[in-house]
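The following exercises concern burial, nonpolar packing and charge pairing. Each task is followed by a stepwise solution.

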Amino acid sequence: MNPKTKSQLTQSLALPGVAAWCICDANHAFEHHCFTDWFKAAQLQTITMRLAGALEGLRKRQTAARQFCWVFEHAQLLLAQRTNGETLVLFVEHRPGLNLSIHQAALAEFSARS
Amino acid sequence: MSAPRKKQILFVDDDAQLLGLFRELFGTMAKDRWEISVAQNHAEALAQLQARKADLVVLDIGMPMMDGVQFLKLLGQTHPGLQVVMLTGNATLEKRKECLDLGAAMFLEKPTDKSGYPAVFAAIDALVHALPQEGFRGMMRQVGLQEVLQMECLGVKSSVLEIFTNKVRGRVFIHEGSIVHAESGQLSGDVALYSLLALRGGGFNLTPFTEPDRRTIEGTWEFLLMEAARLQDEGGEVASMPAPEPAVEMADIPDVFASAPRGPSAPEPAVAPAAAVTTPAAARPTEIKQTVLWSGGGELLHAWQCPSTDQAKQLLEFIEQQARQISAAAAVGRFERMEATTNDGRVVCQIQSDRRLLVATAGGPAV
């Protein structure tokens, strides 16, 4: 990913509650950006890889979903995958009242740009 | 010993002659047990109700300006809990159903001659004397259902909380301070309780406890109310937002959820539990396609419209396994649920220490 694309992506994903984003491509190459110090780069990569793997595992169980939201006590992990295998994970703070509609729109836009 | 208080009965009818007859006949039959007042229209009736509370209102249907059905609806808002008996000379099944649905306690036909009035009197007298003799009566505005349930449970009461809106009617059964059953449409159990507690407005009545057909709720009331509050928070501030947003929108739906057969014998819930599915105002109606509930130990407790509970269980186990590894990798806290929304609907897999729940819905927010 060239620096300009990454910068644009970071700007577009600077949304309420977003702590970080991470992209993993089909070759397991990562790009990420942290808006806070909540997550370390290695954690982002581990979780993104885990979620992409889970996506694959769910497909094998006849669940052909491309997007998921994994809700944890403190974080919501929003996941979108392009048809070329690129996976975007948004690491979003989990707090009551946080409206996720713009996050969803960002994920939809990411998927649409396959 | 003091004499029992006279029952305050208000008759509302546009026929002044008939009101005179009611006063005379029923007054004689009641032998000082009733205090009868009369009103010829809704405005007079409201003024009387403001000046003096009534135990029961007997309402004619065919009145000018505001007919009895409209007035019944209005009374439901201005005087919730007030017992109303409809008395009409033009009884139809449709009118009867409409009035009873709106909360009328009884629907009686006006007698065609004096010989019919003792039967009417007996019915009204029995009803008015069956009303609770103790405790407060009155109105509480902007009181949450949670507070009402909390009061009942803290007081170790036994009662049935009837909840109604224009579209939803439900009941919560409380026995000796424990919530033992809830039902709303075709829903029952804690899902029904959560959906009722997520309602943003409506009315309620507390009635004496009657044993439900079955008991579906076992948790402590504290846990149930906390859980309901938590689910509402996570569902997008149900109580305060005019049109809650869907939590997450997804592109594809898992086949395991999409292919649920719909047998003719299986009841179809009309409204999805608001705790699990939020529906914006412009969205299509949400309809539950399948639900499966396991205990914390993995015992299947309830399955509805699920093509394969084994497959569904394997899916949840897989999700749980993945979530455990994610929790171990970073400080995200315990896993709560995984959500997926598609063009067709939404799937929620919730994993708690005491239960595992899978709900698939169709409709709702368009993607």
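A residue is called buried when its relative accessible area is under 20%, exposed when over 50%, and partly exposed in between. The model examined here is predicted.

**Exercise 1.** Determine which residues touch the most other members of the largest nonpolar core, and which helix of chain B gives the most to this core.

*Solution.* The core comprises 38 residues, and A:W70, A:L77, A:F91 and B:I319 touch the most other members. Helix α10 (residues 309–329) of chain B gives the most, with 7 residues. Apart from this core lies another of 25 residues, including B:L145 and B:I217. Turning to A:W70, its contacts beyond four places in sequence include A:L51, A:L77, B:I319, B:F335 and B:R337.

**Exercise 2.** Explain which parts of chain B are tied together by the salt bridge between B:D125 and B:R33, and classify the burial of each partner.

*Solution.* The closest N and O atoms of the pair are 3.0 Å apart. B:D125 lies in helix α5 (residues 117–130) and B:R33 in the loop between α1 (16–30) and β2 (34–39), so the bridge ties together parts 92 residues apart in sequence. With a relative accessible area of 11%, B:D125 is buried, whereas B:R33, at 36%, is partly exposed.

**Exercise 3.** Decide whether B:E339 and B:R337 are buried or exposed, and identify the network of salt bridges to which they belong.

*Solution.* B:E339 and B:R337 form a salt bridge, with the closest N and O atoms 2.3 Å apart. Both residues are buried. The network links B:R334, B:E336, B:R337 and B:E339.

Definitions and conventions
Residues are numbered from 1 along each chain as its sequence is written. Chains are lettered from A and ligands numbered from 1 in the order in which they are written. This is a predicted model: local features need pLDDT of at least 70, side-chain atom pairs count only at pLDDT 80 or more; totals for chains, interfaces and linings use all residues. Side-chain values use heavy atoms; hydrogens and water are left out. A nonpolar core is a set of buried Ala, Val, Leu, Ile, Met, Phe, Trp, Tyr and Cys residues joined through side-chain atoms within 4.5 Å. Buried means under 20% relative accessible area, exposed over 50%, partly exposed in between (1.4 Å probe, protein chains only). Helices (H or I, at least four residues) and strands (E, at least two) are DSSP runs, numbered from the N terminus. Contact means heavy atoms within 4.5 Å. A salt bridge is a side-chain nitrogen of Lys or Arg within 4 Å of a carboxyl oxygen of Asp or Glu.
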